[in-house]
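Work through the exercises below with the model open. Each one gives a task and then a solution in steps.

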Amino acid sequence: MLLADKVCIVTGAASARGIGRATARRFAEEGAKVAILDLDLGAAQAAAADLGHGHLGLSANVADEAAVATAIEAIVAQFGRIDVLVNNAGITQPVKTLEIGRADYDRILDVNLRGTLICSQAVIPHMVAAGGGSIICLSSVSAQRGGGIFGGPHYSAAKAGVLGLGKAMAREFGGKQVRVNSITPGLISTDITAGKLSDAQEQSIIDGIPLARLGVANDVANAAVFLASDLSSYLTGITLDVNGGMLIH
Ligand code: NAD
């Protein structure tokens, strides 16, 4: 098993069809002890119970320093260490540049970008003390090509910020053996995308994807297993495209 006894935190992993849940499931299958952080305590606990025995579900808004600090303390109290953090919690909003209000901008930047910083700040001291760790940040093809399909420009900006933040943290903490890498998914079928495309729209998107299908959550989860595990022990600061060839660059 690739993650035997590693303690892995996945944020935003309560959503039943989401990338975070699939990642938590694959981590558990690989022997990890998984802590799920999401907004609703009951949903986080149910998602953790769904993985089997010995996993933990906690509530925290990733943009709230105090809530994240409390959750991380609880995880360390339970498992004694943190080996992996997946900064997966994210939200989007399909609007155009001139429609972005201040509150929209704050909300999208807070969850996607500030949340990534806050959770990373909370776990890095524990990883450094333990001699290393792996942080995985969920960015998006939207950051690379200036818009995906659903996200507005503020979402592209937040996800591009995640790439820069991840690279800077990789440079800063490489000497402490904390690796930081990002994943840029293309269009993945989850609740973020569910029911928002007509058949014709979906087909026209698929026509632009060399592997000729939309992604599924496990496509991203398997990439996260690789980045979490020692298989990727000489990788840091990378951006791993999981997009079926939608963007080849
Ligand atoms: P999803 O909506 O299925 O799940 C998102 C989860 O994040 C939910 O469980 C939600 O409760 C949680 N969440 C939202 N705000 C939170 C907060 N403030 N604190 C804690 N948890 C919070 O989304 P998904 O499609 O699985 O996306 C997962 C990640 O992948 C996101 O960062 C998203 O931007 C990114 N992504 C998704 C796609 C796609 O096509 N689905 C493409 C590129 C990138």
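## Exercise 1: the ligand and its neighbours

Task: In this predicted model, find which residues come nearest to the ligand.

Solution. Start with the shell: 27 residues surround the ligand, and those that come nearest are I19, D38, N88, Y155 and T190. Next, sort the shell by class. It holds 14 nonpolar, 11 polar and 2 charged residues.

## Exercise 2: polar contacts of the ligand

Task: Find how far oxygen atoms of the ligand lie from polar atoms of D38, Y155 and G186.

Solution. Polar contacts are pairs of N or O atoms within 3.5 Å.

- Step 1. For D38, a polar side-chain atom is 2.6 Å from a ligand oxygen.
- Step 2. For Y155, an N or O atom of the side chain lies 2.6 Å from an oxygen atom of the ligand.
- Step 3. For G186, the atom belongs to the backbone; this N or O lies 3.5 Å from an oxygen of the ligand.
- Step 4. Turn to the surface of the ligand. Taken alone, the ligand exposes 840 Å², and the protein buries 91% of that.

## Exercise 3: the pocket that holds the ligand

Task: In which pocket does the ligand sit, and what lines that pocket?

Solution. The ligand sits in the largest pocket.

- Step 1. The space in the largest pocket is about 790 Å³.
- Step 2. Its lining has 38 residues, with N88, G90, I91, Y155 and I192 nearest the centre.
- Step 3. Two or more lining residues come from each of α1 (19-29), β2 (33-38), α4, α5 (141-145) and α6 (153-173).
- Step 4. By class, the lining of the largest pocket divides into 18 nonpolar, 17 polar and 3 charged residues.

## Exercise 4: the second largest pocket

Task: Describe the volume and the lining of the second largest pocket.

Solution. The second largest pocket contains about 330 Å³ of space. Of its 17 lining residues, G133, Q177, V178, R179 and S233 lie nearest the centre. Strands β5 (133-138) and β6 (178-185) each give at least two residues to this lining. The classes are 5 nonpolar, 7 polar and 5 charged.

## Exercise 5: the cavity

Task: How many cavities of 30 Å³ or more are there, and which helix gives the most to the lining of the largest cavity?

Solution. The count is 1 cavity of 30 Å³ or more. The volume of the largest cavity is about 40 Å³. Among the residues lining it are T11, V62, N88, V111 and C119. Helix α4 (residues 102-130) gives the most, with 5 residues. Sorted by class, the lining of the largest cavity has 4 nonpolar and 6 polar residues, and no charged ones.

Terms used: Residues numbered from 1 in each chain as written. Predicted model: local features only at pLDDT ≥ 70, side-chain atom pairs only at ≥ 80, totals over all residues. Heavy atoms only, no water. Near = heavy atom within 4 Å. Polar contact = N/O pair within 3.5 Å; in protein donor to acceptor, adjacent residues only side chain to side chain. Areas by Shrake-Rupley, 256 points an atom, 1.4 Å probe, with all protein chains shown as cover. 1 Å grid on protein atoms, 1.4 Å probe; cavity = no way out; pocket = protein on both sides within 12 Å on 5 of 7 lines; lining within 4 Å. Sits in = over half its atoms within 2 Å of the grid points. Nonpolar A, V, L, I, M, F, W, Y, C, P; charged D, E, K, R; others polar. Points joined across faces, edges and corners; volume = space filled by probe spheres on them. Helix = DSSP H or I, 4+ residues; strand = E, 2+ residues; numbered from the N terminus.
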